[in-house]
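Hi,

Here is the structure I promised to pass on. Have a look at it first, then read my notes below with the model open beside you.

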Amino acid sequence: MLNTTFIEREKSVNAQNYDPIPVVINRGEGVWLWDVEGNRYMDMLSAYSAISHGYGHPRLFKALTEQASRVAVCSRAMYHDKMSDFLETLCKLTGQDQALMMNSGAEAVETAIKAARRWGYQVKGIPANQAEIIVMEGNFHGRTMGIISFSSEDTYKKDFGPFLPGFKIVPYGDIDALKAAITPNTCAVLTEPIQGEAGVLMPPKGWLKDIETACRANNVLLVVDEIQSGLGRTGRMLASDHEDVKPDIVILGKALGGGFLPVSAIAGRREVMAVFNPGSHGSTFGGNPLAAAVGKEALDTLIDENLIEKSAELGAYFMAGLQKIKSPYITAIRGQGLWIGVDIDPAKSTARALCMKLLNEGIIARDTHKVTIRFAPPLVITKDQIYWALERIKKVLGE
Ligand SMILES: *Cc1c(COP(=O)(O)O)cnc(C)c1O
């Protein structure tokens, strides 16, 4: 079977909300993917951190199948025996008191917004319907109507209005603008610690810590979206850990599902999480036994296999290798852990065209915002495999 056959068929029946590279995947193992023609690729994308544990991790597969053979889904109208194991581990690893499970990342962001607003009214005492949340220019928090309401990206919003009010956008990395935007009605600041979709954009050093200080001084919650940056991607459990920042709410997703399931959650301080009462929020599938069992195994595997330390070590090795490439295309390289953005000189080529050349060399990487190639391999990658990739990246991006 040919890739093109599937692509043509899919194009006639699938709404075109993505623009995929022209490969049709039918198998994955570790860092490798195979297409329907039998070509093998190293995945340097990891589904934006959802595949941090690699494809088909045996330990996670075992947890998945064992739990599926017992009970996969029961409604939240009853308790189940996997929830406490998962939440205790999650709270311990994030240093938080309580957590709440959802499915997709966007749902977890929505959950955090509801928690922050309710805390604003019930604890801080903001007048009804006046709560404001400060967000960053260039943010990416998902695709629901609530979330795109505070996006600064036109393609995410065009013809989807009217939008949800109550958000203020400030420039990313600008602490003075953020402080100036805080009013007595501000209930929260919501940010990514590193902007992934925007191109692995790193804020100035100390910026997140300064936000934390400003939040404490003004009785404002700090809500950090670690859906892509968290769970070892940057070489620490959370990217917030690099600056010893302790958010009031941490949002997790992607890698939390171990590459098998959509599993997301928010974890937060007891005072904030206590605003939820029966009926205030929920999801039929959120917190099901299968998700809890896989989520718990995903967290334990990160620790047992030292994937966080590996991300720091191998990320530094990968970064050093990229920096050594003499390239007519590269204008900047930045990143943390196994999460690296490489900017391409638009006068020389597009990131997309170079990603197509990488594909021909057996490497899957994607462009973001036309000028950046994002490299974010599974955290289970080995040094030899990174060396293998560097040789091929050098061939494409080098002189
Ligand atoms: C992917 C992502 C989301 C949305 O997660 P979905 O599972 O796609 O809904 C939110 N925030 C960040 C930072 C992300 O990278």
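Before anything else, keep in mind that this is a predicted model.

Let's start with the ligand. By class, the shell around it has three nonpolar, five polar and three charged residues. Ser-104, Gly-105, Ala-106, Phe-140, His-141 and Gly-142 belong to that shell, and so do Glu-192, Asp-225, Ile-227, Gln-228 and Lys-254.

Which side chains have polar atoms 2.7 Å from an oxygen atom of the ligand? One is Gln-228, where an N or O atom of the side chain is 2.7 Å from a ligand oxygen. Another is Lys-254, again with a side-chain N or O atom 2.7 Å from an oxygen of the ligand. Asp-225 deals with a nitrogen instead: a polar atom of its side chain lies 2.6 Å from a nitrogen atom of the ligand. As for how covered the ligand is, it exposes 380 Å² when taken alone, and the protein buries 81% of that.

Next, the empty spaces. Rolling a probe the size of a water molecule over the atoms shows where empty space is left. In this model there is one cavity of 30 Å³ or more, and the volume of the largest cavity is about 40 Å³. Its lining is made up of Val-109, Ala-112, Ile-113, Ala-116, Ile-133, Ala-188, Leu-190, Val-223 and Ile-251. Two elements give two or more residues each to that lining, helix H4 (105-124) and strand E7 (186-191). H4 gives the most, with four residues. What classes of residue line the largest cavity? The lining has nine nonpolar residues, no polar ones and no charged ones.

There is also a pocket to look at. The second largest pocket holds about 670 Å³ of space. It is lined by 23 residues, and the closest to its centre are Arg-76, Met-83, Leu-87, Ala-99 and Leu-100. Helix H3 (83-94) and strand E4 (98-102) each supply at least two residues of the lining, and E4 has the largest share, with five residues. The classes here are 12 nonpolar, 10 polar and one charged.

Now for a sheet you can trace by eye. Four strands form an open sheet with mixed pairing, in the order E1-E2-E3-E13. Which strands sit at the edges? They are strand E1 (25-29) and strand E13 (363-364), each of which pairs on one side only.

At the E1 end, four bridges join E1 to strand E2 (residues 32-35), and the two run antiparallel. One pair to find there is Arg-27 with its bridge partner in E2, Trp-34. E1 and E2 form a hairpin with two residues between them, and Gly-30 in the turn has a positive phi of about 60°.

At the E13 end, strand E3 (residues 40-43) pairs with E13 in the parallel sense over two bridges. Here you can look for Asp-43, whose bridge partner in E13 is Ile-364. While you are looking at the strands, remember that in a regular strand the side chains alternate between the two faces of the sheet.

Last, two spots in the backbone. Most residues other than glycine have a negative phi, and most peptide bonds are trans. Tyr-48 is not a glycine, yet it has a positive phi of about 55°. You will find Tyr-48 in the loop between E3 and helix H2 (58-70). Is the peptide bond from Gly-161 to Pro-162 cis or trans? That bond is cis, with omega near 5°. Pro-162 is in the loop between helix H6 (154-157) and strand E6 (167-170).

That's it from me. Have fun exploring!

Cheers

Note on methods
Residues are numbered from 1 along each chain as its sequence is written. This is a predicted model: local features need pLDDT of at least 70, side-chain atom pairs count only at pLDDT 80 or more; totals for chains, interfaces and linings use all residues. Side-chain values use heavy atoms; hydrogens and water are left out. A residue is near a molecule or strand if one of its heavy atoms lies within 4 Å of it. A polar contact is a pair of N or O atoms within 3.5 Å; within protein, one must be able to donate a hydrogen and the other to accept it, and residues adjacent in sequence count only if both atoms are side-chain atoms. Accessible areas come from the Shrake-Rupley method with a 1.4 Å probe; for residues, only the protein chains shown count as cover. Ala, Val, Leu, Ile, Met, Phe, Trp, Tyr, Cys and Pro count as nonpolar, Asp, Glu, Lys and Arg as charged, and the others, Gly among them, as polar. On a 1 Å grid over the protein atoms alone, a cavity is a set of points where a 1.4 Å probe fits but cannot get out, and a pocket is an open set with protein on both sides within 12 Å along at least five of seven lines; lining residues have an atom within 4 Å of a point. Grid points are joined across faces, edges and corners, and a volume is the space filled by probe spheres set on the points. Two strands pair if DSSP finds at least two bridges between them.
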